[in-house]
Amino acid sequence: MTAHKPIRKAVFPVAGLGTRFLPATKAIPKELLPIVDRPLIQYAVDEAREAGIEQIIFVTGRGKTAIVEHFDVAYELETTMSERGKDLSVLAPTRATPGDIITVRQQVPMGLGHAIWCARAIVGNEPFAIFLPDELMVAHKEKGGRDGSGCMKQMVDAYEKVGGNLVSVLEVPHEEVSSYGVIDPGAEDGPLTEVRGLVEKPPIETAPSNKIVSGRYILQPEVMRLLESQEKGAGGEIQLTDAMAKMIGTQPFHAVTFEGRRYDCGSKLGFVEATLALALERDDMGAEVRGMAERLLAK
């Protein structure tokens, strides 16, 4: 097996304004809105750590400093909890090792591709991962899906076999493909599918597949050079999809079908669905939440 450069860095574009959740996001970053009792960004960072990511790169904007503070040490809180005999283990995932989190600013909203390009100096000449925190990815642990590992861990395992560039995909009903980016699939090998092309929101009748790109990527550093000179695409923004499409045929490019569930927490309905689904699965509240839902439905 050919050795590939390890995936040590991950870029999290978190500069968005979160306008779909106003007024809740007027003063609070949408990435800190909780799914039960964990902020949305925490799920993504935990997924990155599980996959062996060593360095977290937040591409932020004005008003997003609270995201970084969430992963800092809260001396007053921890001291008060300790004095009162409270368990501090709940805060352990929120403490970053010094130097593991880096932030860069995206001063103007010019699209996902531009946000990723803002991290070019930190990424350097290494392959890197990308997480869209709005996409909450939950593994099928009850089915033992690849040892119950998260989406990025499944992708890193695939990357170690084939290298190159990878995107996570999920299969959706064919009538829904016009709402997503879709891959043009080639040869398949288990969860791996060769990517021959990428189509953004295709008409149902011409969509090349029902495999939609779902918010997780592993890309080679050459994508930064493409983004550097890329013209604006759909919506007048620098589109990451356009740059990735140019890499197909020049480097290995595969899709990994995620063995798990995706919740679109960038929408209100998806956010509510994720909250309810994860609450129902918890040992400490699942039965009560189910009973609560049944009582509400009975009214």
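In which sense do E8 and strand E11 (residues 211-219) pair, and over how many bridges? They pair in the antiparallel sense, over five bridges. Two strands are said to pair if DSSP finds at least two bridges between them, and the elements themselves are DSSP runs numbered from the N terminus: helices are H or I with at least four residues, strands are E with at least two.

A quick word on the ground rules. This is a predicted model, where local features need pLDDT of at least 70 and side-chain atom pairs count only at pLDDT 80 or more, while totals for chains, interfaces and linings use all residues. Residues are numbered from 1 along each chain as its sequence is written, and side-chain values use heavy atoms, with hydrogens and water left out.

**Strand E8 and its partners**

Let's stay with E8, which covers residues 165-171. Six of its seven residues are buried, so the strand is largely enclosed by the rest of the structure. Buried here means under 20% relative accessible area, with exposed being over 50% and partly exposed in between (1.4 Å probe, protein chains only). Besides E11, E8 has a pairing with strand E12 (residues 253-257), this one in the parallel sense and again over five bridges.

E11 is enclosed too: nine of its nine residues are buried, so the rest of the structure largely wraps it. E11 also pairs with strand E6 (residues 128-131), in the antiparallel sense over four bridges. E6 in turn pairs with E1 in the parallel sense, over three bridges.

Here are some of the residues that face each other across these strands:

| Residue | Bridge partner or opposite residue | Strand of the partner |
|---|---|---|
| Leu 166 | His 254 | E12 |
| Leu 170 | Ile 212 | E11 |
| Glu 171 | Lys 211 | E11 |
| Phe 128 | Leu 219 | E11 |
| Val 11 | Ile 57 | E4 |
| Val 11 | Ile 130 | E6 |

**Two polar residues to look at**

Start with Asn 165, which lies in strand E8. At 0% relative accessibility, Asn 165 counts as buried. Its side chain makes a polar contact of 2.8 Å with the side chain of Gln 251. A polar contact is a pair of N or O atoms within 3.5 Å; within protein, one must be able to donate a hydrogen and the other to accept it, and residues adjacent in sequence count only if both atoms are side-chain atoms. If you leave aside neighbours within four places in sequence, the residues in contact with Asn 165 (heavy atoms within 4.5 Å) include Ile 218, Leu 219, Met 247, Phe 253 and His 254.

Now for Lys 211, found in strand E11. Is Lys 211 buried or exposed? Lys 211 is buried, with a relative accessible area of 6%. The side chains of Lys 211 and Thr 257 are joined by a polar contact of 3.4 Å. Beyond its neighbours within four places in sequence, Lys 211 is in contact with residues including Val 169, Leu 170, Glu 171, Ile 183, Glu 188 and Thr 193.

**Strand E1**

Strand E1 (residues 9-13) is mostly covered, with five of its five residues buried. In a regular strand the side chains alternate between the two faces of the sheet. In E1, Lys 9, Val 11 and Pro 13 point one way and Ala 10 and Phe 12 the other way, and all are buried. E1 pairs with strand E4 (residues 55-60) in the parallel sense over five bridges.

**Helices H9 and H10**

Over to the helices. H9 (268-281) is among the elements that cover the buried residues of H10, and H10 is in turn among those that cover the buried residues of H9, along with others including helix H1 (40-50) and strand E13 (260-264). The buried residues of H10 are Gly 286, Val 289 and Gly 291, while in H9 they include Phe 271, Ala 274 and Leu 278.

How do the two helices meet? H9 and H10 pack at an angle of about 130°, with their axes 6 Å apart. The contact is made by Leu 276, Ala 279 and Leu 280 of H9 and Gly 286, Val 289 and Arg 290 of H10. Axes are lines fitted to C-alpha atoms, for helices over the stretch in contact, and angles run from 0 to 180 degrees between N-to-C directions.
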